[in-house]
Amino acid sequence: MKGLGIDIVAVERIQKACIENENFCQTLFTQEEQQYCQTYKNPFPHYAGKFAAKEAVSKALQCGFGKTLSWLDIQILSTGKTAPQVLLSPAAQEAFSFPQFLLSISHCKEYATAVAAWLS
């Protein structure tokens with residue numbers, strides 16, 4: 001394992017940001033991620049889970065968000081049938097030598113958390 005990241009976020013914080021800032025979702029989440037979250041009656045725990053997952057991935061990569069990695073460089077794919085998957089943009093894949101991850105996301109009414117392990 002090359003890196004490990006974990007994050008926890010209050011669902012209310014993400015809900016407030018989505019409602020008060022019309023650009024929040026477009027800045028942090030891909031179209032596919034937004035479409036997935038919007039399939040739920042209450043999309044905010046799902047947005048919070050994806051937010052925590054992206055934070056955990058950036059921590060596992062040991063770089064955070066900035067020059068090398070943006071929020072939209074990371075896409076969290078959720079099918080509901082398998083564990084969530086991390087898909088990096090082509091630029092991020094190349095910058096980090098095509099990393100592979102294990103990812104787990106959990107959420108309840110109040111919090112969302114995620115753990116990401118950079119395997120190779």
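Biologist: Is Met 1 buried or exposed?
Modeller: This is a predicted model, where local features need pLDDT of at least 70 and side-chain atom pairs count only at pLDDT 80 or more, while totals for chains, interfaces and linings use all residues. Residues are numbered from 1 along each chain as its sequence is written, and side-chain values use heavy atoms, leaving out hydrogens and water. Buried means under 20% relative accessible area, exposed over 50% and partly exposed in between (1.4 Å probe, protein chains only). Met 1 has 68% relative accessibility, so it counts as exposed.

Biologist: How much accessible area does the nonpolar surface patch with Met 1 have?
Modeller: Met 1 sits in the segment before β1 (3-10); strands are DSSP runs of E, at least two residues, helices are runs of H or I, at least four, and both are numbered from the N terminus. Met 1 shares its patch with Leu 4, Ile 6, Leu 102, Val 115 and Leu 119. Patch members have over 30% relative accessible area and no salt bridge, and nonpolar side chains are joined within 5 Å (like charges within 9 Å); a salt bridge is a Lys or Arg side-chain nitrogen within 4 Å of an Asp or Glu carboxyl oxygen. With areas from the Shrake-Rupley method and a 1.4 Å probe, the patch's total is about 610 Å².

Biologist: Now inside: which element gives the most to the largest nonpolar core?
Modeller: That core has 33 residues, and those touching the most other members are Ile 14, Phe 24, Tyr 47, Phe 51, Val 86 and Phe 101. A core joins buried Ala, Val, Leu, Ile, Met, Phe, Trp, Tyr and Cys through side-chain atoms within 4.5 Å. Elements giving two or more residues include α1 (11-20), α2 (24-28) and α4 (44-60). With 9 residues, the top contributor is α4.

Biologist: What kind of aromatic pair do Phe 29 and Tyr 47 form?
Modeller: Both residues are buried. Phe 29 lies in the loop between α2 and α3 (31-37) and Tyr 47 in helix α4, so their pair ties together parts 18 residues apart in sequence. Rings pair with centres within 6.5 Å; planes under 30 degrees apart are stacked, over 60 edge-to-face, the rest tilted. At 5.0 Å centre to centre and 50° between the planes, this pair is tilted.

Biologist: And what kind do Tyr 36 and Tyr 40 make?
Modeller: Tyr 36 is partly exposed at 22%, and Tyr 40 is partly exposed at 34%. Their ring centres are 5.4 Å apart with planes at 65°, so the pair is edge-to-face.

Biologist: Which residues form one aromatic cluster with Tyr 47?
Modeller: The whole structure holds 7 aromatic pairs. Tyr 47's cluster partners are Phe 24, Phe 29 and Phe 44.

Definitions and conventions
Rings of Phe, Tyr and Trp (its six-membered ring) pair if their centres lie within 6.5 Å; planes under 30 degrees apart count as stacked, over 60 as edge-to-face and the rest as tilted.
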